[in-house]
Amino acid sequence: MPGMRVTSGKVVAGHIVVEGEPLPDGAVVTVLARDTDESFELDAAAEAELLLSLAEADRGELIPAADVLRTFRETE
């Protein structure tokens, strides 16, 4: 998927240090930080699924929120 990557890193001295290949200067990122007692790791399969889901969203292949909420109400 062009223009989109999933990567991990750690905060060191207030800056995010990315594991593996560095991000290009000027890259816009979204950071999800877990609490120290929480576990959040993506294996290769989960990362691939996340990237596929992001691509679907970019193409507008979304489920309206009202439909999702209706599903929750129906299961109660």
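**Note on the predicted model: helix H2, salt bridges, hairpin and surface**

1. Helix H2 (residues 65-74) holds both Asp-67 and Arg-70, which are 3 residues apart, about one turn of the helix. Helices here are DSSP runs of H or I with at least four residues, strands are runs of E with at least two, and both are numbered from the N terminus. The side chains of Asp-67 and Arg-70 form a salt bridge, with an N to O distance of 2.9 Å. The term salt bridge denotes a side-chain nitrogen of Lys or Arg within 4 Å of a carboxyl oxygen of Asp or Glu. Asp-67 is partly exposed at 32% relative accessibility, and Arg-70 is partly exposed at 39%. The classes are buried (under 20% relative accessible area), exposed (over 50%) and partly exposed (in between), with a 1.4 Å probe and protein chains only.

2. On the basis of the analysis: this is a predicted model, in which local features need pLDDT of at least 70 and side-chain atom pairs count only at pLDDT 80 or more, while totals for chains, interfaces and linings use all residues. Residues are numbered from 1 along each chain as its sequence is written, and side-chain values use heavy atoms, with hydrogens and water left out.

3. The protein chain contains 2 helices and 2 strands, arranged from the N terminus as β-β-α-α. Of its 76 residues, 1% are buried. The chain exposes about 7000 Å², of which carbon and sulfur atoms supply 56%; accessible areas come from the Shrake-Rupley method with a 1.4 Å probe, and for residues only the protein chains shown count as cover. Among contacts (heavy atoms within 4.5 Å) with a separation of 6 or more, 35% join residues 24 or more positions apart.

4. The salt-bridge count comes to 2. Besides the pair in H2, the side chains of Arg-59 and Glu-61 meet at 2.9 Å, N to O. Arg-59 counts as exposed, at 52% relative accessibility, whereas Glu-61 is partly exposed at 45%.

5. Strands S1 (residues 9-12) and S2 (residues 15-18) run antiparallel and are joined by 4 bridges; strands count as paired if DSSP finds at least two bridges between them. Val-11 has Ile-16 in S2 as its bridge partner. The two strands form a hairpin with 2 residues between them, and Ala-13 in the turn has a positive phi of about 55°.

6. Which residues form the nonpolar patch on the surface? They are Val-11, Ile-16, Leu-23, Val-29 and Val-31, with about 440 Å² of accessible area together. Patches take residues with over 30% relative accessible area and no salt bridge, joining like charges within 9 Å and nonpolar side chains (Val, Leu, Ile, Met, Phe, Trp, Tyr) within 5 Å. Leu-23 lies in the loop between S2 and helix H1 (44-58) and is partly exposed at 30%.

7. Ala-33 is also found in the loop between S2 and H1. Its relative accessible area is 72%, so Ala-33 is exposed. The C-alpha atoms of Ala-33 and Val-11 are separated by 9.7 Å, with the two positions 22 residues apart along the chain counted as their spacing.

8. What span should the 15 residues of H1 have? At 1.5 Å a residue the expected value is 21 Å, and the end C-alpha atoms of H1 are 21 Å apart, in agreement; the expected span is 1.5 Å times one less than the number of residues. Just after H1, Gly-60 adopts a positive phi of about 85°.
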